[in-house]
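Thanks, everyone. Please have the sequence and the structure open while I talk. I'll go from the whole chain down to single residues.

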Amino acid sequence: MLKVNGVYKSYGTQAVLNDAHLEIRPEVKVLIGINGCGKSTLLKIIAGIIKPDKGSVLLKEKNITGLAPEERRVGYVPQHPALFGHKKVIDNIMYGMRNGLGSEELLEDIIGMLGLGDILDKKPGELSGGYKSRVSLARALAPGPEMILLDEPLSDIDAAVKEKLLPEFRRVSKLLNVPVLYVTHDPAEAERIGDSFSVMQDGQVKSIDSAYQAFEIIKKDKLISA
Ligand SMILES: Nc1ncnc2c1ncn2[C@@H]1O[C@H](COP(=O)(O)OP(=O)(O)O)[C@@H](O)[C@H]1O
Ligand SMILES: [Mg+2]
């Protein structure tokens with residue numbers, strides 16, 4: 001279980017997160033919100049890349065708020081993931097396993113499920129966007145994290161490839177049976193990957209019953225021009 005408790009974060013005078021609460025069981029929880037509402041900020045706080053002004057993050061009942069990113073067992077696929085261009089795919093994927101994290105068995109499962117077996121010796125520059133996304137996900141999962149953060153991982157991928165990738169991403173994300181937080185601003189994508197849904201608005205996270213409800217909420221408040 002992941003718990004975010006009363007998190008606040010401002011940049012200068014702009015309050016981005018304003019008493020944000022969130023709980024995620026081992027499931028795929030989708031977080032939907034318009035551009036600039038604070039989704040990436042929340043993920044970076046859970047990953048330990050930025051510190052909240054106030055509030056806490058608990059993973060498996062342990063307070064991890066003060067821990068550095070490498071001290072948390074959190075797998076993070078950033079919005080624009082950067083693979084190591086000079087390293088082979090396999091070395092990119094195994095990067096997080098350096099300290100004895102993960103296992104050979106898990107690694108093989110991830111590589112198999114994402115269909116990466118034939119490209120392990122390639123360099124990222126030789127891969128399509130879809131394969132780069134798969135490798136980024138594989139790299140985040142290989143150390144066997146206790147939770148997974150995916151920040152709009154398919155936003156640069158064209159629709160046809162996305163159709164193929166969504167079920168793959170869902171299946172492999174569920175392999176570890178840990179909380180997964182998947183960010184998107186696309187309700188259709190959300191509906192296809194999520195077990196449960198929430199919307200970010202006014203610096204807070206609200207649980208909702210369906211991805212389309214998020215769209216209605218956002219539209220009603222005229223936060224987007226529909
Ligand atoms: N390092 C930063 N310094 C100042 N403002 C920032 C910084 N990072 C994000 N912001 C601002 O905080 C708000 C939320 O950003 P972000 O969390 O990236 O939103 P989202 O991921 O939902 O698009 C935006 O208005 C953005 O401009
Ligand atoms: Mg973002």
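What percentage of the 226 residues of the protein chain count as buried? The value is 38%. Keep in mind that this is a predicted model.

Let's start with the overall build. The protein chain has seven helices and 10 strands. Its C-alpha atoms fill a box of roughly 50 × 40 × 30 Å, taken along the principal axes. Now the radius of gyration. For 226 residues, a compact globule would have a value near 17 Å. The protein chain has 17 Å, so the two agree.

Next, contacts. Take the contacts in the protein chain with a separation of 6 or more. Of these, 71% are between residues 24 or more positions apart.

On to the sheet. How many strands does the open sheet have, and in what order? There are six, in the order 6-7-8-3-9-10, and the pairing is mixed. Strand 6, residues 74-77, and strand 10, residues 204-208, are the edge strands. Each of them pairs on one side only. From one strand to the next, the twist averages 20°. Two helices that pack on this sheet deserve a look. Helix 1 touches strand 3, strand 6, strand 7, strand 8 and strand 9. Its direction makes about 150° with that of strand 7, residues 147-151. Helix 4, residues 129-141, also packs on the sheet. This helix touches strand 6 and strand 7, and its direction makes about 165° with that of strand 6.

A quick reminder on sheets in general. Strands pair through backbone hydrogen bonds, either parallel or antiparallel.

Now find strand 3, residues 28-32. Which strands do its bridges reach? Five bridges join strand 3 to strand 8, residues 180-184, and the two run parallel. In that pairing, valine 28 stands opposite valine 180. Four bridges join strand 3 to strand 9, residues 196-201, again in parallel. There, isoleucine 32 stands opposite valine 199.

Is strand 3 covered or open? It is mostly covered, with five of its five residues buried. In a regular strand, side chains alternate between the two faces of the sheet. Here, Val28, Val30 and Ile32 are on one side, and Lys29 and Leu31 are on the other. Both faces are covered.

Step past strand 3. Asparagine 35 lies in the loop between strand 3 and helix 1. Is asparagine 35 buried or exposed? A residue counts as exposed with 12 or fewer other C-beta atoms within 10 Å. Asparagine 35 has 9 such neighbours, so it counts as exposed. Compare its position with that of threonine 184. The two are 149 residues apart in sequence, yet 9.5 Å apart in space, C-alpha to C-alpha.

Then comes helix 1, residues 39-47. Eight of its nine residues are buried, so helix 1 is largely enclosed by the rest of the structure. Among the buried ones are Lys39, Ser40, Thr41 and Leu42. Glycine 48 follows helix 1, and its phi is positive, near 90°.

Now the ligand. Which residues surround ligand 1? They are Tyr11, Val16, Gly33, Asn35, Gly36, Cys37, Gly38, Lys39, Ser40 and Thr41. So we meet asparagine 35 again in this shell. By class, the shell has three nonpolar, six polar and one charged residues. The largest share, three residues, comes from helix 1.

One last stop: backbone angles. Most residues other than glycine have a negative phi. Which residues here go the other way? Lysine 60 is one, with a positive phi of about 50°. Glutamate 61 is another, with phi near 70°. Lysine 60 sits in the loop between strand 4, residues 54-59, and strand 5, residues 62-63. Glutamate 61 lies in the loop between strand 4 and strand 5 too. How open are they? Lysine 60 has 13 C-beta neighbours inside 10 Å, so it counts as partly exposed. Glutamate 61 has 7 other C-beta atoms within 10 Å, so it is exposed.

That's my tour. Please point at anything you want to go back to.

Terms used: Residues numbered from 1 in each chain as written. Chains lettered and ligands numbered in written order. Predicted model: local features only at pLDDT ≥ 70, side-chain atom pairs only at ≥ 80, totals over all residues. Near = placed C-beta within 6 Å. Nonpolar A, V, L, I, M, F, W, Y, C, P; charged D, E, K, R; others polar. Rg over C-alpha atoms; globule rule 2.2 N^0.38 Å. Buried ≥ 20, exposed ≤ 12 C-beta atoms within 10 Å, placed from the backbone. Contact = placed C-beta atoms within 7 Å. Pairing = 2+ DSSP bridges. Axes fitted to C-alpha atoms, helices over the stretch in contact; angles between N-to-C directions.
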